[in-house]
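Trainee: Could you take me through one part of this model closely, starting from a single residue and working outward to the strands and cores around it?

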Amino acid sequence: MSLQDQMARGMLRLVRDLGQTIAFRRVPGAAYDPSTGASTAGEPQNETVQCYFARYRESQIDGTIIQAGDRRALIAALYNGTPIIKRPQIDDILIGEGREVRILSVQEYQIGTQEALYACQVRG
């Protein structure tokens, strides 16, 4: 088993053991309607995911890329045994712990060839 597989398994254990069920929201981009000449944003699309929020260590906070208050959100690729529909991406929103946070970056982890989880930097 590779080191990355071991890391992914450990993070996935955190999500399963200590994570919570939260909403994952994507708001589709604006669409232009030539008949009306107006742009309209798409309807938000929500999905339920299992997530664990972790704080960054003081030594990781540089004030530029990682700012005070930023957190890591570990999101399992499966929810109740079913793959989540959308892969997290920049500007998606996570709703949990009584607030909304915006995804700033996403790193995918696999176990073998299977997607296991997404580690996201979030702010909000």
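Mentor: Arg71 is found in strand β5, and in this predicted model its position deserves a careful reading. Arg71 is buried, with a relative accessible area of 7%, which places this residue under the 20% limit that is used for the word buried. The charged end of Arg71 sits over the ring of Phe53, 4.4 Å from the centre of that ring. Once its neighbours within four places in sequence are left aside, Arg71 is in contact with Phe53, Ala54, Arg55 and Tyr56, with Glu97, Arg99 and Val101, and with Cys120, Gln121 and Val122. As for pairs of aromatic rings, the structure holds 0 of them.

The strand that carries Arg71 belongs to a wider arrangement. A closed barrel of 6 strands runs in the order β1-β4-β5-β10-β9-β8, and its pairing is antiparallel; from one strand to the next the twist averages 45°. Within that order, β5 and β10 run antiparallel and are joined by 6 bridges, and Ile75 stands opposite Tyr118 in β10. On the other side of β10 in the barrel order, strand β9 (residues 99-111) pairs with strand β10 (residues 114-123) in the antiparallel sense over 9 bridges. Two of the residue partnerships with β10 can be named: Ala119 is the bridge partner of Gln107, and Arg123 is the bridge partner of Arg102. β9 and β10 form a hairpin with 2 residues between them, and in the turn Gly112 has a positive phi of about 70°. Because 7 of the 10 residues of β10 are buried, this strand is largely enclosed by the rest of the structure. Helix α1 (residues 3-18) lies across β1 (20-26), β4 (45-55), β5 (71-76), β9 and β10, and runs at about 140° to β9.

From the strands we can turn to the packing. The largest nonpolar core has 15 residues, and those with the most contacts inside it are Cys51, Phe53, Ala73, Ile75, Leu94, Cys120 and Val122; the elements that give two or more residues to this core are β1, β4, β5, β9 and β10. Apart from it lies another core, of 11 residues, among them Met11, Tyr109, Ala116 and Ala119. Phe53, whose ring lies beneath the charged end of Arg71, is thus one of the residues with the most contacts inside the largest core, as is Ile75. Leaving aside its neighbours within four places in sequence, Ile75 is in contact with Val49, Gln50, Cys51, Ile84, Pro88, Leu94, Ala116, Leu117, Tyr118 and Cys120.

For contrast with the buried arginine, consider some loop residues. Thr64 has its place in the loop between β4 and β5 and is exposed, with a relative accessible area of 61%; its C-alpha atom is separated by 22 Å from that of Leu94, the two residues being 30 apart along the chain. Asn80, in the loop between β6 (78-79) and β7 (82-83), is exposed as well, with a relative accessible area of 68%, and has a positive phi of about 50° although it is not a glycine. Asp91, which is found in the loop between β7 and β8 (93-96), has a positive phi of about 80°, again without being a glycine, and is partly exposed, with a relative accessible area of 48%.

Methods:
Residues are numbered from 1 along each chain as its sequence is written. This is a predicted model: local features need pLDDT of at least 70, side-chain atom pairs count only at pLDDT 80 or more; totals for chains, interfaces and linings use all residues. Side-chain values use heavy atoms; hydrogens and water are left out. Two strands pair if DSSP finds at least two bridges between them. Helices (H or I, at least four residues) and strands (E, at least two) are DSSP runs, numbered from the N terminus. Axes are lines fitted to C-alpha atoms, for helices over the stretch in contact, and angles run from 0 to 180 degrees between N-to-C directions. Contact means heavy atoms within 4.5 Å. A nonpolar core is a set of buried Ala, Val, Leu, Ile, Met, Phe, Trp, Tyr and Cys residues joined through side-chain atoms within 4.5 Å. Buried means under 20% relative accessible area, exposed over 50%, partly exposed in between (1.4 Å probe, protein chains only). Rings of Phe, Tyr and Trp (its six-membered ring) pair if their centres lie within 6.5 Å; planes under 30 degrees apart count as stacked, over 60 as edge-to-face and the rest as tilted. A charge sits over a ring if NZ of Lys or CZ of Arg is within 6 Å of the ring centre and within 35 degrees of the ring normal.
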